[in-house]
Amino acid sequence: MASVHYQLTAQGELQPSDADGELVLCRYCDLLQHLPELKPGEEAHCSQCGHLLDSRHPQPVLRPVLFACSALFMLVLANLFPFISMYAAGSQQQMSFLDTSSVLFAVHHPALAVLVWLFIQAIPAFCMAAVIYLKLGMLWPLPARMWVARVLFMLKPWSMVDIFLIGLLVSFVKLASHGDLALGLSFWAFCLFCLLHLRTFQVIDRREMWSRIAPNPKPSFIALPGHAGLSQQLKVCGCCTALVPLHVTHCNRCGDRVHRRIPASIQKTLALTTAAAILYVPANIYPIMVTVSMGQETQSNILGGIRLLWQEGAYPVAVIIALASVVIPVLKILVLYGLCYLVMQPQTYRQNLSTLIFRWVDWIGRWSMVDVLVVAILAALVRFDLLMSVYPGPAAVTFAAVVILTMLAALSFDPRLLWDSTINPEDVEAIHTMTEQTS
Ligand SMILES: [Zn+2]
Ligand SMILES: [Zn+2]
């Protein structure tokens with residue numbers, strides 16, 4: 001059994017006594033392991049659950065700054081020119097990028113308007129500006145970098161420009177039979193913004209970014225890779241990934257409060273999932289979209305919208321909406337209930353599979369927002385008064401709440417609880433004996 005012993009150097013710093021690289025604790029399965037020195041382009045994954053632990057990218061400052069600056073420039077362009085125009089029955093309606101939220105305000109849906117604005121404008125713009133700030137902070141000592149880094153990784157899952165792009169494609173198919181569409185300069189700028197925004201996040205890594213802000217603190221203890229962190233009185237900082245001894249309450253590097261496990265994780269997950277499950281009923285009963293055509297009002301709920309798309313022959317779009325609005329939310333709610341049940345059992349099995357399912361469901365959950373964004377796009381574009389106009393229905397807000405609640409439920413669930421029952425008390429005793437002998 002290889003152990004890593006941290007020693008005091010002549011300069012008064014604590015460093016590992018062997019040169020095998022850093023120790024890292026997986027935040028999904030709590031396995032302590034060696035992190036080898038990575039070369040640019042290389043990635044390190046957890047040997048137990050496969051979670052990405054660390055990655056190195058070539059030109060770690062220049063590339064993210066260039067991508068993020070270009071993305072911000074494209075976002076400005078996307079707000080300056082016409083986004084999409086629609087021609088129907090001899091009249092023309094033009095929509096700007098900002099109309100997707102401002103029109104929702106005008107039709108008395110302020111909550112939905114704020115959400116859409118946050119998801120597709122404010123949060124993505126903040127994230128890009130934060131990346132530029134943090135990367136430039138590697139060259140100059142800029143203030144408040146820790147706060148910016150903390151907020152950046154907290155907001156990352158709530159940036160939904162990629163989902164908005166899919167929402168645009170779905171809207172085009174829905175509108176194809178009602179009029180002609182012309183794509184403006186801002187539409188193409190938005191497509192580029194979306195690509196650059198995704199690329200920026202691909203070329204940054206949380207662990208690497210934090211190590212550039214402040215070096216990983218070297219704790220003075222003996223640790224054995226290949227064993228659970230909890231069995232060695234260790235926990236991981238959820239914010240900056242630093243190792244923290246169990247008795248220490250706050251992270252040495254980022255100052256964030258570190259818990260051994262997310263407090264009341266199961267209770268929070270169950271409460272949020274149940275709230276989402278309850279709201280999912282009115283989200284399906286009430287109309288998500290109201291269409292006024294030739295003075296006649298038609299209300300359509302989620303399932304009605306899918307049925308209509310299927311009858312019109314738009315099969316791929318019908319499948320996308322069915323997956324995003326029915327299959328994914330229902331599956332996510334069931335999986336979260338199932339995981340909570342598993343954790344409450346005295347002994348859990350197939351931890352690898354459960355962790356993989358949790359990671360997958362956590363990743364895919366945000367895509368359910370596509371239907372809400374489609375409603376926002378149609379409401380902004382289809383405004384031909386009594387000839388044809390689209391308004392969001394009461395279910396649009398309810399369904400957005402379902403998606404947000406399931407995302408919060410997944411964030412509250414601590415997957416390490418699945419692995420805790422695998423810790424053998426005899427193993428813990430053996431580790432304690434060995435560390436006492438080595439010290
Ligand atoms: Zn792992
Ligand atoms: Zn930290």
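The following paragraphs lead the reader through a predicted model, from its annotated spans to its zinc site, its surface and its salt bridges.

The UniProt record offers a starting point. Its unreviewed entry places the feature "transmembrane region" at residues 65-90, 110-134, 155-175, 181-198, 270-294, 314-343, 364-384 and 390-411. Two of these spans may be examined in the model itself. Residues 314-343 are 97% helix and 0% strand, and the C-alpha atoms at the ends of this span are 42 Å apart. Residues 270-294, by contrast, are 64% helix and 20% strand, with end C-alpha atoms that lie 46 Å apart.

The next topic is the metal site. The zinc ion (ligand 1) is coordinated by the SG atoms of Cys 26, Cys 29, Cys 46 and Cys 49, at 2.2 to 2.3 Å. In sequence, these donor residues follow the spacing C-x2-C-x16-C-x2-C. Cys 29 and Cys 46 link distant parts of the chain, 17 residues apart. Cys 29 belongs to the loop between strand S3 (22-25) and strand S4 (32-35), whereas Cys 46 belongs to the loop between strand S5 (43-45) and strand S6 (52-55). Why is the arrangement around the zinc ion (ligand 1) described as tetrahedral? The four donor atoms subtend angles of 101 to 116°, and the arrangement is therefore tetrahedral. Burial can be judged by relative accessible area, for which the cut-off is under 20%. Cys 29 has a relative accessibility of 3% and therefore counts as buried. Cys 46 is buried as well, with a relative accessible area of 5%.

From the metal site the account turns to the surface. Here Trp 310, Tyr 315, Val 319, Leu 323, Val 327, Leu 331, Trp 360 and Trp 363 form a nonpolar patch, and together they have about 810 Å² of accessible area. Helix H10 (315-344) and helix H11 (351-364) each supply at least two residues of this patch. The largest share, five residues, comes from H10. Tyr 315 lies in helix H10, and it counts as partly exposed because its relative accessibility is 43%.

The last topic is charge pairing. Side chains of opposite charge can pair when their charged atoms come close. The structure holds nine salt bridges. One of them joins Glu 22 and Arg 207, whose closest N and O atoms are 3.2 Å apart. Glu 22 lies in strand S3 and Arg 207 in helix H7 (residues 206-213), so this pair ties together parts that are 185 residues apart in sequence. Which of the two partners, Glu 22 or Arg 207, is buried? Arg 207 counts as buried at 5% relative accessibility, whereas Glu 22 is partly exposed, with a relative accessible area of 27%.

Another salt bridge is formed by Asp 162 and Arg 366, with the closest N and O atoms 3.1 Å apart. This pair also links distant parts of the chain, 204 residues apart: Asp 162 is in helix H5 (residues 161-175), and Arg 366 is in the loop between H11 and helix H12 (370-381). Both Asp 162 and Arg 366 are buried.

A further salt bridge joins Arg 416 and Asp 414, and its closest N and O atoms are 2.8 Å apart. Arg 416 counts as buried at 7% relative accessibility, and Asp 414 counts as buried at 1%. Finally, salt bridges that share partners join Asp 30, Arg 261 and Asp 420 into one network.

Note on methods
Residues numbered from 1 in each chain as written. Chains lettered and ligands numbered in written order. Predicted model: local features only at pLDDT ≥ 70, side-chain atom pairs only at ≥ 80, totals over all residues. Heavy atoms only, no water. UniProt positions renumbered as here; feature names shortened; annotations may be inferred. Helix = DSSP H or I, 4+ residues; strand = E, 2+ residues; numbered from the N terminus. Donors = N, O, S within 2.8 Å, 3.2 Å for Na, K, Ca; no water. Tetrahedral: all angles 85-135°; square planar, octahedral: opposite > 155°, others 65-115°. Buried < 20%, exposed > 50% of the residue type's maximum accessible area, 1.4 Å probe, protein only. Patch = residues over 30% accessible without salt bridge, like charges linked within 9 Å, V, L, I, M, F, W, Y side chains within 5 Å. Areas by Shrake-Rupley, 256 points an atom, 1.4 Å probe, with all protein chains shown as cover. Salt bridge = Lys/Arg side-chain N within 4 Å of Asp/Glu carboxyl O.
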